[in-house]
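Visitor: Please show me the model, and then explain the terms used for it.

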Amino acid sequence: MTEPFTYQGVPVRVVFGLGARRCLADELDRLRLGQVLLIATGSTRRAADAMAALLDDRLTWRVDGVRRHVPAELVERVTADAQRVGADGVVTLGGGSATGLGKALARSGLPLVAVPTTYAGSEMTPIWGMTSAGHKETGRDARVLPRTVVYDPELTYGLPPLVTAASGMNALAHCLEALWSAGANPFASPLALEAARALVEAIPVCVAEPENPRPRSRALVAAGQAGMALATAGTGLHHRLCHVLGGRYDLPHAETHAALLPHVVGFNEPALGPLAARMAVAVGSGRASTGVHDLAVRLGLEPSLGALGMPDDGIVEVAAEVAANPPPNPRPFDEAALRSLLRAAWEGEGP
Ligand code: NAD
């Protein structure tokens, strides 16, 4: 028997292919954008130079100083730049940090075209985030969805192995949370399960063979599917914990997901019924939490939130903040349960 549900689709145009970045000027023409701002992650500088050449006289201003967690003062500065040069659109090249800055500008009405180079999947969600004074605020706004997303797997060949690994785990977290979140629905769940399977198979090959187009293509599509599934199902405990940790302690986003995910999966597993078994199959293990943990270890990721920079007293602080305003979660929790979950993740134990 299918439970009642509500589904709101994600109306994004997707252009995918090896070399798809070369369609960017045509895509801008299609949107009638003639004066765009290019926001590029610093480590994609060569690709950004090539993209600037492709954009030619459509490029009006370039921003290379992307920082993680979208600091409010950076948003203010780049918004002022966009107004000063009369930009009519924004193009982002890079991971979730570049996309996030582009989304912050799109909130004021500038159309966004995203060219993602990690597996963050932000380009497929109407969720924006911004950090000020150690607090990361997030919200939903349809205006921040890119008009067009250009996925070119060749742009991911230069992603370092540990970034590939952590970002892939971030995408896997999107899949798993989409399966158990309050808005989980029968349109998003099959996508999330398929994307989880693809990520678990493709990411280790991407790490071993960074310039192999097959796993790079599969992982990039799966990351988009993961973002789309999460966008329609909504976030829950896992994402709340990650955002509080990221905002308070400036922890690296994807690595934080990777360290925390096995513990949130392990906490929720007893409350998931038959879904726990379907998740385990998707991640190729007898238990999903063990499979996720083993994958992270195999990829060489840091399992300890403490080693990633979370202070010991953060366990109490974060548990209190999240318990004071609890997100929906399949297994009820209180502050003490969060403290023990965070303690295990802080120490980097298995789930
Ligand atoms: P990121 O954008 O900071 O990129 C991670 C690292 O990869 C950086 O050092 C970057 O310079 C490097 N990099 C990116 N592309 C590269 C390339 N092609 N070659 C070499 N290096 C490259 O991090 P991320 O994990 O992609 O995104 C994290 C951010 O995205 C966080 O702020 C998070 O909150 C946000 N996010 C938002 C959503 C959403 O729906 N709103 C979803 C996921 C993530």
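Guide: The answers below set values against definitions. This is a predicted model, where local features need pLDDT of at least 70, side-chain atom pairs count only at pLDDT 80 or more, and totals for chains, interfaces and linings use all residues. Residues are numbered from 1 along each chain as its sequence is written, and side-chain values use heavy atoms, with hydrogens and water left out.

Visitor: Why is Cys175 called buried or exposed?
Guide: Buried means under 20% relative accessible area, exposed over 50%, and partly exposed in between (1.4 Å probe, protein chains only). Cys175 has 0% relative accessibility, so Cys175 counts as buried.

Visitor: What makes Cys23 partly exposed?
Guide: The relative accessible area of Cys23 is 31%, and therefore Cys23 is partly exposed.

Visitor: How many disulfides are there by this rule?
Guide: A disulfide is a pair of cysteine sulfur atoms within 2.5 Å. The count by this rule is zero. Cys175 is in no disulfide, and its nearest cysteine sulfur, that of Cys206, is 14 Å away.

Visitor: Which polar backbone atom is 2.8 Å from a nitrogen atom of the ligand, and what makes this a polar contact?
Guide: A polar contact is a pair of N or O atoms within 3.5 Å; within protein, one must be able to donate a hydrogen and the other to accept it, and residues adjacent in sequence count only if both atoms are side-chain atoms. The backbone atom belongs to Ile127, at 2.8 Å from the ligand nitrogen, so the pair is a polar contact. For Leu155, a polar backbone atom lies 3.0 Å from a ligand nitrogen.
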